Amino acid sequence: MRLEGKTAIVTAAAQGIGRATAERFRDEGARVWALDRDAAALETVDGVERIAIDLRDVAAIAALPDRIGAADVLANVAGFVHAGTVLQCEEPDWALSFDLSVHACYRMIRAFLPGMLEKGGGSIINMSSICSSVKAVPGRFAYGASKAAVIGLTKSVAMDYVGQGVRCNAVCPGTIETPSLRERVIAQAAAQGISVDEAHAAFVSRQPMGRLGRAEEIASLFLYLASDEAAFITGAVQVIDGGWVN
Ligand code: NAD
C-alpha cells in the first residue's frame with residue numbers, strides 16, 4: 001500500500017476526478033478526508049471521512065485543521081469551468097472561476113501547510129488543466145486564466161518550501177470523461193444546434209488518441225505524486241492529456 005499511514009485530504013471528492021482520487025487514496029491505505037459541498041453524493045463515497053463544505057467559505061476552511069489535524073497529502077481538485085470569451089465573462093463568472101480554482105487552493109494550503117511543516121514534510125497536488133498557461137482553448141477565458149494562476153501558485157509554494165520536505169505539484173489533464181464534462185457536452189450541443197453525440201465527437205476529435213481520458217487515470221497520477229516514490233518531484237507541471245499538446 002503506497003499511502004499506508006498517511007492522512008490525505010481531497011476536495012471536490014463527491015464525483016469525477018476528485019472522487020476517483022479519494023477512492024484510490026483509500027484503496028492504497030490512506031486515511032482520506034473527502035470534502036465536497038454535495039453532502040448527498042459524498043455519502044456514497046465509502047471508506048472515507050466525509051466533510052460537507054462549500055470551498056468558497058473562508059471561515060469553514062480555516063476551521064478544518066481543528067477537525068482533521070495535520071495532513072500528509074492535500075489534493076486540491078475543485079474548479080469551475082466557465083464557457084465563454086472575455087466579452088462573455090461577467091464579474092460573477094470571473095469571481096467564481098478564481099474562487100473555486102485558485103482561492104480555495106490558497107486557503108487550503110494556508111490551512112494545512114503549517115501541519116506539514118511540523119511533521120517535516122507533505123505533498124500538495126493542485127488541479128490545473130491543459131487549458132492554462134500550457135495551452136489556450138477557444139471559449140475558456142476565465143477557466144484558462146484561473147488554471148494558469150494555479151500553476152503560478154504551485155511553483156511558488158514548491159520553491160518556498162523545497163528545503164522543508166513539502167512538495168507541491170500541478171496536474172494538467174486533457175479532456176476527461178466526468179459528470180461535469182457530460183453537462184458541458186450537452187450545453188455545447190444546445191448552443192451549436194447539434195446532437196449530443198456530435199458534440200461529444202468534437203471533444204474527442206481534439207484528442208490524438210481518439211478517446212477522452214478517464215478519471216481513474218488522473219487519480220493514478222495523483223497517487224504517484226502523493227506517494228514517497230515521487231520524492232524528487234516538486235514544482236512540476238504534470239501534463240496528462242493523451243498527447244493533446246504534443
Ligand atoms: P466535476 O465538475 O464532475 O465535480 C466537481 C465536484 O466539485 C462536484 O462533486 C461538486 O459538488 C464539487 N463542487 C463544486 N463546487 C463546489 C464548492 N463550491 N465547494 C465544494 N465542492 C464543490 O469534476 P471534474 O470534471 O472531475 O473536475 C475536477 C477538477 O478537474 C476541476 O478543477 C476541473 O477544472 C479539473 N479538470 C477537469 C477536466 C475534465 O475534462 N473533466 C480537465 C482538466 C481539468
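## Cysteines

At 5% relative accessibility, Cys131 is classed as buried. Its sulfur lies 10 Å from the closest cysteine sulfur, which belongs to Cys172, and this is too far for a bond. This description concerns a predicted model.

Cys105 is likewise buried, with a relative accessible area of 3%. For Cys105 the closest cysteine sulfur is that of Cys168, at 7.8 Å, again too far for a bond. A disulfide is a covalent bond between the sulfur atoms of two cysteines. The cut-off applied here is a pair of cysteine sulfur atoms within 2.5 Å. The structure holds zero disulfides.

## The central sheet

Seven strands form an open sheet, in the order β3-β2-β1-β4-β5-β6-β9, and their pairing is parallel. At the edges stand β3, residues 49-52, and β9, residues 237-240, each of which pairs on one side only. On average, and with direction ignored, neighbouring strands of this sheet are turned by 15 degrees against each other.

Strands of a sheet pair through backbone hydrogen bonds, either parallel or antiparallel. One of the pairs here joins β1, residues 7-11, to β4, residues 73-76, in the parallel sense over three bridges. Within β1, Ala8 stands opposite Val73 of β4.

## Helices across the sheet

Helix α1 spans residues 16-27 and lies across β1, β2, β4 and β5. In that arrangement β2 covers residues 31-36 and β5 covers residues 122-127. The helix runs at about 170 degrees to β1.

Helix α5 spans residues 91-119 and lies across β1, β2, β4, β5 and β6, the last of these being residues 166-173. Its direction is at about 175 degrees to β4. Strands β1, β2, β4 and β5 are thus crossed by both α1 and α5.

## Surroundings of the ligand

The ligand is surrounded by 29 residues. The closest are Ile17, Asp36, Val77, Tyr143 and Thr178. Ile17 falls within the residue range of helix α1, and Asp36 within that of strand β2.

Backbone atoms also approach the ligand. Val77, one of the closest residues, has a backbone N or O atom 2.7 Å from an oxygen atom of the ligand. For Ile176, a backbone N or O atom lies 2.8 Å from an oxygen atom of the ligand. A nitrogen atom of the ligand is found 3.2 Å from a polar backbone atom of Arg37.

How values were computed
Residues numbered from 1 in each chain as written. Predicted model: local features only at pLDDT ≥ 70, side-chain atom pairs only at ≥ 80, totals over all residues. Heavy atoms only, no water. Buried < 20%, exposed > 50% of the residue type's maximum accessible area, 1.4 Å probe, protein only. Pairing = 2+ DSSP bridges. Helix = DSSP H or I, 4+ residues; strand = E, 2+ residues; numbered from the N terminus. Axes fitted to C-alpha atoms, helices over the stretch in contact; angles between N-to-C directions. Contact = heavy atoms within 4.5 Å. Near = heavy atom within 4 Å. Polar contact = N/O pair within 3.5 Å; in protein donor to acceptor, adjacent residues only side chain to side chain.
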